[in-house]
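Got the model open? Let's go through it together, one question at a time.

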Amino acid sequence: MRLKRAVKSVKRPLAVISVVAFLFCFCVLVWASGAGTRDAFVGASIGEARILVPFLADDTASASICGMVYNGLTRIDKNLNVTGDLAESWDVARGGMEITFFLRKGVKWHDGEPFTSADVVFTYEKIMDPGTGCPYAANFRDIESVTAVGDHTVKFSFSRPYAPALVKLGMGIIPKHLFSGIGDMRSSPYARSPVGTGPYRFEEWQRGRYLILKANYDYYEHSPGIKRYVQLIIPDQSVQFLELLSGGIDSMELNPYQYRLRSDTDLFKNEIEKYEYLSHSYTYIGYNLRDPLFSDVRVRQALSLAIDPREIVDSVLLGLGEPCTGPFLKGSAYYNDSVPGYPYDMEKAKRLLEDAGWVDTDEDGILEKDGRELRFVLATNQGSQVREDAATVIQRQWAGIGVKVEIQVVAWAAFLDHFIDKKNFQAVILGWTLPVDPDPDPIWHSRASAPGGLNFVSYSDPEVDRLIDEGRAEFDPGERKRIYREIHRLISEDAPYTFLFFPYATPAVNRRFKGIEPAPAGIGYNFIDWYVPEDEVRYKF
Amino acid sequence: MRRYVIKRLLLMAPMLIGISFILFAVMHLAPGDPSSIRYGLNPEVSDSARARFNSMYGLDKPISEQFIGWMKRIAVLDLGRSLMDDAPVREKILSRLPATLLLQVVSLAVIFCLALPIGVLSAVRKDSVFDRVMTVSVFVGYAMPAFWLALILIMVFGVRLQWLPISGMSPWYAQYLSLPENVLTLARHMVLPVIVTAFGGLAGLSRYSRASMIEVLGENYILTARAKGLRERRVILVHALKNALLPIITILGLTLPALISGSFIFETIFAWPGMGRLGYEAVMNYDYPMVMGVGLISTLLTLVGVFLSDVAYALVDPRIRLEGRK
């Protein structure tokens, strides 16, 4: 039936033959790998999805559903490179001032309407309209205009070259024919029952309980291997773990204790497979550079040298992480492996502090300078066991070089309100999630130290500023690599942060799912290729 | 009697206003705001997103103005929109209320059916082995952290023995089950939450009924009944129990607030799609309109519960019913 429809739409005989040949090969492949579209993947989420419009979704649950239902112009492949999604190819012209996307033909919305350039134009007009309230609007502020050149060609004009655009334009495209004329997108019915072009279509949403997506058999790549994608809402993580053990859910993200200790049972090992890969985030200590205590680079370097990241990873993450030396994703081209960072060296740390004038004159174990002791508050947010534990280890490690630290753990909202927003802190332990595009502008440019910006440690270096601006305008991957590796080196030398570690992501998935291939992008990137062998199917409807 | 009812109903209004004022103040006194929870320290989100979010929901106005605005909307039964997903608060609460009520009513019934016999038997056989065992066990139940008990029960009955489902109210494939299957699976999902809720609530009611029964058993009319030669069974179940039940009615009304506040925890653990979990999530996310809405409904439920128990008390006890007629 589907074959017939596909054949009908193709006019030229040569194309017919190649399509038939392709379909034949595909069917053989499908048959050989034992795949078909069946069973259901049941995941769990702590919170419920909120708004299923890709550019308004700002929580993990909504984002993961949107990722299944919608497609962007571009997407990220298994090795974190930009590749085409709804756009088959693109042209960067006029030094990056213009990008023309050539759209895939024959893609259909879940309601059967054809996908065209008008949808792309509509989506980006909505994103850039201040009335929409898109939280990601800043990523698109350099876009001057979006115009449809033909039904399947779209031209983006920029006010200045913006290299991260190719990644950022992976934002899901919404259907114009359903959303046009709707004033408030948040309360639109399609924000609750989305219609997209993606591998899964919306099926059912029981508030507070579960959300079900069903395979889109007409998906442009191929029909997904798993028939249903279910997101259960289970707010308690220990209950999630028990559900995983009992087979109620098929997958969850484990914490280090569950990964190392709780999974060492037959029940777990027979049913569940564990995976580990570098997560796209790092944990660091940030020093308030406006505090005179940290204005001397030797003090910051000494503090970094006195920390043994290996011990922290081993004791706090139970070994599930890797040391970090700079603000780029380890394993990506932009991470500068030749930067030594600050390998644990107590003697060197002590020497640096002495050079900076910090000496223990009254022999109480704490260093002094000009009558002031080297003591400060190390704050972190409540709710992260890893950060709290790390703070305790660091407190002891620093005591070894005569630095006295008091730990403060504060609830997230109060933490942001009292410490970060008002820049009223000395040192904090926090983490950053690394977007796929390496542009460090929002965190490291001196511009971002203004109120509301994310450079709350007030780092400012003209050379780094210049390189960041250069990197944003550079489309050549080789050049960008050079620029960001240089930024990595400069920031590491300045030591405004002590870069601690990249934790591993540690998901667990039921063993009946086959076709999972961990890669730098994680495991979810090829979800449509996952399948369950016929004799292991659990949900048969 | 009618005057009594009207008076009690009228007293509820100032109580509601007062409680919502306190709730509003406490919620806004907590440091931080919803936009910081939502967008704080996210490099993907623009600086202006927080400000825009605040102005969109009027959170940048003075607190007094926000409170007056809220009161005005409440007057026309508009609870506003949730800051989390922009859905109307009233709709969200109404969709979650049945699940909570179902759990509470069943738990209350279980508590009542267990606590009363325990109390009566303990009173009749005061200081017996049964009495002591029961005293210790209900206090253990009262003192035990509910979340711990819940996890242990889940571990044993859900994971090891696989007798009962662990969380939720129905499986996600409920639409493919027949009606009887759906009723059965709902009952199975309710077993653990009801046990945990009831276990904690047992202590209060059983102790009260024991004390009340002991008191009544010492009364002269019980002596009279026995002297008349009535069988002990009849003395206890008819003459004594009827009078001992009076204070229990009040206690039952007062158990309601404890159950509702407890539901914040139980529903979160068991992923029960009720109002308590809604409230818990709202508090965690600084969702002001939602917190106010859940707070208001919980207050209302509590007041109605207390009111009903008072009316019931008045109905069964002529001394109160006739008081106003002097």
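Q: How many Å separate the centres of domain 1 of chain A and domain 3 of chain A?
A: Bear in mind that this is a predicted model. Chain A is divided into domain 1 (3-48 + 207-276 + 507-536), domain 2 (69-179) and domain 3 (281-504). Taken over C-alpha atoms, the centres of domain 1 and domain 3 of chain A are separated by 39 Å.

Q: What area is buried between domain 1 of chain A and domain 3 of chain A?
A: Domain 1 of chain A brings five residues to the contact and domain 3 of chain A brings six residues. Carbon and sulfur atoms give 69% of the area buried there. The area itself is about 590 Å².

Q: Which three residues supply 68% of the area that domain 1 of chain A buries against domain 3 of chain A?
A: Domain 1 of chain A puts five residues into this contact. No other three residues give more of its buried area than this trio, which supplies 68%. They are Pro256(A), Tyr257(A) and Arg260(A).

Q: Which residue in E22(A) is the bridge partner of Lys274(A)?
A: Strand E22 covers residues 507-510 of chain A, and strand E12 (residues 272-274) of chain A is joined to E22(A) by three bridges, running antiparallel. Strand E11 (residues 251-253) of chain A also pairs with E22(A) in the antiparallel sense, again over three bridges; there, Glu253(A) is partnered with Pro507(A). For Lys274(A), the partner in E22(A) is Ala508(A).

Q: Are the residues Pro507(A), Ala508(A), Val509(A) and Asn510(A) of strand E22 buried or exposed?
A: Two of them, Pro507(A) and Val509(A), point one way from the strand. Ala508(A) and Asn510(A) point the other way. Whichever way they point, the four are buried.

Q: Which strands are the edge strands of the open sheet of four strands in chain A?
A: The order of this sheet is E4-E5-E7-E6 (chain A), with antiparallel pairing, and neighbouring strands are turned by 20° against each other on average, direction ignored. An edge strand here pairs on one side only. That picks out strand E4 (87-93) and strand E6 (143-150) of chain A.

Q: What is the bridge partner of Phe101(A) in E7(A)?
A: Strand E5 (residues 98-103) and strand E7 (residues 153-158) of chain A run antiparallel and are joined by five bridges. Within that pairing, Phe101(A) is matched with Val154(A).

Q: At what angle does helix H4 of chain A run to E6(A)?
A: Helix H4 spans residues 117-128 of chain A. The helix lies across E5, E6 and E7 of chain A. Its angle to E6(A) is about 165°.

Q: Why is Cys66(A) too far from the closest cysteine sulfur for a bond?
A: A disulfide needs two cysteine sulfur atoms within 2.5 Å, and the structure holds zero of them over all chains. Both Cys66(A), at 6% relative accessibility, and Cys134(A), at 1%, are buried. The closest cysteine sulfur to that of Cys66(A) is in Cys134(A), and it is too far for a bond because the gap is 12 Å.

Q: How many helices are there in chain B?
A: From the N terminus on, each element of chain B is α, and there are zero strands. Of its 326 residues, 47% count as buried, and the C-alpha trace spans about 85 × 60 × 40 Å along its principal axes. The number of helices in chain B is 13.

Terms used:
Residues numbered from 1 in each chain as written. Chains lettered and ligands numbered in written order. Predicted model: local features only at pLDDT ≥ 70, side-chain atom pairs only at ≥ 80, totals over all residues. Heavy atoms only, no water. Pairing = 2+ DSSP bridges. Helix = DSSP H or I, 4+ residues; strand = E, 2+ residues; numbered from the N terminus. Axes fitted to C-alpha atoms, helices over the stretch in contact; angles between N-to-C directions. Contact = heavy atoms within 4.5 Å. Buried < 20%, exposed > 50% of the residue type's maximum accessible area, 1.4 Å probe, protein only. Domains from an automatic or database assignment. Buried area = accessible area lost by both parts, 1.4 Å probe.
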